[in-house]
Amino acid sequence: MAVAGHLPARQEEPGREFKGSDGKLCKQQLKVGDTMNLPGGAGSVTSTASRSGPAFQVTRPPGSGWALGGAVVAVFGLAGSLFIQRHRI
């Protein structure tokens with residue numbers, strides 16, 4: 001979720017937690033376009049965008065077919081060399 005906000009000119013410490021008048025953490029579920037005012041005149045936070053879920057990208061390396069084919073040929077070559085008897089002339 002992307003969030004935009006307006007904070008006053010003074011710099012607050014990073015990761016500051018805002019607490020309400022009751023001493024509990026100030027938190028609220030925001031939908032796109034909703035604005036939440038921070039306590040003590042610290043500014044406001046506005047939700048600007050939302051993603052429906054994680055984005056996945058599935059890729060296939062271009063040489064994987066050749067690698068598999070080479071491995072299969074190597075296994076058959078090894079098996080053949082083990083089972084075929086040598087003939088001395």
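Colleague: Let's start with Val72: at 38% relative accessibility, what does it count as?

Modeller: Val72 counts as partly exposed, because its relative accessibility is 38%. The scale runs from buried (under 20% relative accessible area) through partly exposed to exposed (over 50%), with a 1.4 Å probe and protein chains only. Keep in mind that this is a predicted model: local features need pLDDT of at least 70, side-chain atom pairs count only at pLDDT 80 or more, and totals for chains, interfaces and linings use all residues. Residues are numbered from 1 along each chain as its sequence is written, and side-chain values use heavy atoms, leaving out hydrogens and water.

Colleague: Where is the place of Val72, and which residues form a nonpolar patch with it?

Modeller: Val72 belongs to helix α1, residues 64-83. Helices (H or I, at least four residues) and strands (E, at least two) are DSSP runs, numbered from the N terminus. On the surface, Val72 joins Leu68 and Phe76 in a nonpolar patch with about 330 Å² of accessible area together. A patch takes residues with over 30% relative accessible area and no salt bridge (Lys or Arg side-chain nitrogen within 4 Å of an Asp or Glu carboxyl oxygen), joining nonpolar side chains within 5 Å and like charges within 9 Å. Areas come from the Shrake-Rupley method with a 1.4 Å probe.

Colleague: What pattern does the protein chain follow along the sequence?

Modeller: It reads β-β-β-α, with 3 strands and 1 helix. Buried residues make up 9% of its 89 residues.

Colleague: Which residues make up the largest nonpolar core?

Modeller: There are 5 of them: Phe18, Leu30, Met36, Leu38 and Ala42. A core is a set of buried nonpolar or Cys residues joined through side-chain atoms within 4.5 Å. Met36 and Leu38 also line the covered face of strand β2 (residues 35-38), while Thr35 and Asn37 are on its uncovered face.

Colleague: How many bridges pair β2 with β3?

Modeller: There are 4, in the antiparallel sense, with β3 covering residues 43-49. Strands pair if DSSP finds at least two bridges between them. In these two, Asn37 bridges to Ser44 and Leu38 to Gly43. The strands form a hairpin with 4 residues between them, and Gly40 in the turn has a positive phi of about 70 degrees.

Colleague: Is Asn37 buried or exposed?

Modeller: Asn37 counts as exposed, because its relative accessibility is 61%. Apart from neighbours within four places in sequence, Asn37 contacts (heavy atoms within 4.5 Å) Gly43 and Ser44. With the same neighbours left aside, Met36 touches residues including Cys26, Leu30 and Val45.
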